[in-house]
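Here are my notes on the model, as numbered points. Please read them with the structure open.

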Amino acid sequence: LRKQILRAFAFLMLSQRYKQRCLRPKETFYRGPLLVRRMGRMKKLRVQDIAAKVSRAPKRVSITPTLVRTGRQDVKTPARKDVTLRAEALSGGGRLTKAAFEKLREEFPDQDLKKNFILRQLKWYREQRAEGKTMREIHWSRKRKDCGRACFKFSVDVAEKLIAINNRHWGALSHKRLAGKLLEEGITVSHTTVRKWCKELGMIRRRRFIKPKLTLAHRIARLSFVLEQIDTRTRKFTDLNNVIHADEKWFFMMTDGQICRVFPSKDGHYQMPASPKVYHKSRIPKVMFLAACAKPRQEYGFDGKIGIWHFTAERPAKRSNIKTGTVVGQTMLLEDVRVDAAAYRQKVITKDGVFARMRQKLWWFHRDARYKLERGVRVPCGDFQRGQWQFDKRRGRPCPEAGTQLLYQHDGARPHTARTNTRPFATQSKTRGFRIQVVVQPPQSPDVNIDDLAFLASQAPVRCLSGFKGD
């Protein structure tokens, strides 16, 4: 690791000091990595040694491409023919002597000829002549035009097949899988070529979400629901200040493969915390929560959160457990309950339910609501006692939204729209100075509820629920 760090540091210094190429005194190419490789073999190499070595490097010289030697150039096919025939003539069909090789190099000074190259060309020429090939049939170079893998040019047909395969698989295939699908179509290319083709076609990446499947009835219901949000006087959409969104969501108490934080012990060993245990992965404990949110109102100091309730019930433990300290008949345990019309009605209209919390937090919709300013925030001129507001009509100013009807919006689930809930909701909607109307959102329309869009989705990663224990 120490050598690698020093090599990287030396290469960085060379790249900064020698942005142009440098030459040694003998006009040979000065390569930075070669210097780094030689310096890496030195024992007890230090940063000061690297700096001293770089400072003793030759001075910078402005060079032209003709002065730079990049190695032996490959002999072209016409020159191969002349060189091979002249070597055959000098050797006389036998062995190529050293004097003949030197004479051959003098006759072809523009070619960087090597002895192994000449011998290889002679051997190949004599093998083809032994096979009876004529001068026109002899190949002077081993390269073939049809050698290697078949080359598929990027044409319109290939582009159409590529786009069709991508759309057929919803754009979720990787470049390697896309190359495999093209192979089934008879186009043999690598995944790097597919990546280049996709880039040439202007491919971009976007996150794809699952959308509800809508019928004609669903579309008409969604359109009518949106048209109802238009104010007939101003012909603009309402501000939705009086709409409360409610929805339920399952929260799992544990997840499989969750990343946890582990600290070392005094001995330096890491010990994993105790893992939760279930009988089967399909039986992971879960709890349903009901959340209610509204539009935040900065002038009233309201953050938009009405409340959140869990559908659970307390019961005494049926058996004792020494590990958890559970005592039969004494320890009270929480367990999830079946969410039906009665359970939902209890969470909405009870003493600490959704309607009661709405009356407490949205006080400016009370018919007698009055406010006063404190540090730029409107505060109520009254007290909230026993679930009801008592406003002093001699103090403060009347609220502009006093007496406005509140809209409690939820989806069309069976527990929400049950007939047994119609009369209790209507009875509790016009009490204690508030008017509340229950509104059912159109089916297959989670995008009209803020809980489905943002709030419950943001709470999904929080799965550690305390207070829920088994027997």
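1. Start with glutamine 444. At 37% relative accessibility, this residue counts as partly exposed, because the partly exposed class lies between 20% and 50%. Glutamine 444 sits in the loop that links strand 14 (436-440) to helix 15 (450-458). Its phi is near 55°, a positive value in a residue other than glycine. Bear in mind that this is a predicted model.

2. Tryptophan 170 raises a similar backbone point. Its phi is positive, about 60°, although the residue is not a glycine. Tryptophan 170 belongs to the loop between helix 7 (156-168) and helix 8. Is tryptophan 170 buried or exposed? Its relative accessibility is 65%, so it counts as exposed.

3. Now the chain as a whole. The secondary structure comes to 15 helices and 14 strands. The chain has 471 residues, and 30% of them are buried. The accessible surface is about 34,100 Å². Carbon and sulfur atoms hold 52% of that surface. Take the contacts with a separation of 6 or more: 64% of them join residues 24 or more positions apart.

4. Next, helix 8 (residues 175-184) and helix 9 (residues 191-200). Their axes come within 8 Å. The crossing angle is roughly 100°. Angles of 65 to 115 degrees count as roughly perpendicular, and helix 8 and helix 9 are therefore roughly perpendicular to each other. By class, their contact has six nonpolar, two polar and two charged residues.

5. Which residues make that contact? Helix 8 supplies His175, Lys176, Leu178, Ala179 and Leu182. Helix 9 supplies His191, Val194, Arg195, Trp197 and Cys198.

6. The link between these two helices deserves a look. Valine 189 is in the loop between helix 8 and helix 9. With 15% relative accessibility, valine 189 counts as buried, because the buried class is under 20%. Valine 189 and alanine 179 are 10 residues apart along the chain. Their C-alpha atoms are separated by 6.4 Å. Alanine 179 is also one of the helix 8 residues that meet helix 9.

7. Turn to strand 3 (residues 243-252). It is mostly covered, with seven of its 10 residues buried. Strand 3 and strand 4 (residues 286-294) run antiparallel and are joined by nine bridges. Strand 3 also pairs with strand 13, in the parallel sense, over three bridges. Isoleucine 244 has a partner in both: alanine 294 in strand 4 and tyrosine 408 in strand 13. Such pairing of strands in a sheet goes through backbone hydrogen bonds.

8. Strand 13 (residues 406-410) is mostly covered as well: four of its five residues are buried. What is the sense of its pairing with strand 14? The two run parallel, joined by five bridges. Glutamine 409 is worth selecting. It is the bridge partner of histidine 245, and it stands opposite valine 439 in strand 14. Strand 14 then leads into the loop that holds glutamine 444.

9. A separate entry concerns an open sheet of three strands. The strand order is 9-8-12, with antiparallel pairing. Which strands stand at the edges? They are strand 9 (377-380) and strand 12 (397-398). Each has a single partner strand, so one side of each is left without a neighbour in the sheet. Strand 8 (residues 370-374) and strand 9 run antiparallel, with four bridges between them. In that pairing, lysine 372 stands opposite valine 379.

10. Last, asparagine 421. Is this loop residue buried or exposed? At 1% relative accessibility, asparagine 421 counts as buried. Its loop lies between helix 13 (414-417) and helix 14 (422-428). What is asparagine 421 in contact with, leaving aside neighbours within four places in sequence? The list is Ala341, Tyr344, Arg345, Pro415 and His416.

Methods: Residues numbered from 1 in each chain as written. Predicted model: local features only at pLDDT ≥ 70, side-chain atom pairs only at ≥ 80, totals over all residues. Heavy atoms only, no water. Axes fitted to C-alpha atoms, helices over the stretch in contact; angles between N-to-C directions. Parallel < 35°, antiparallel > 145°, perpendicular 65-115°, else oblique. Contact = heavy atoms within 4.5 Å. Nonpolar A, V, L, I, M, F, W, Y, C, P; charged D, E, K, R; others polar. Buried < 20%, exposed > 50% of the residue type's maximum accessible area, 1.4 Å probe, protein only. Areas by Shrake-Rupley, 256 points an atom, 1.4 Å probe, with all protein chains shown as cover. Pairing = 2+ DSSP bridges.
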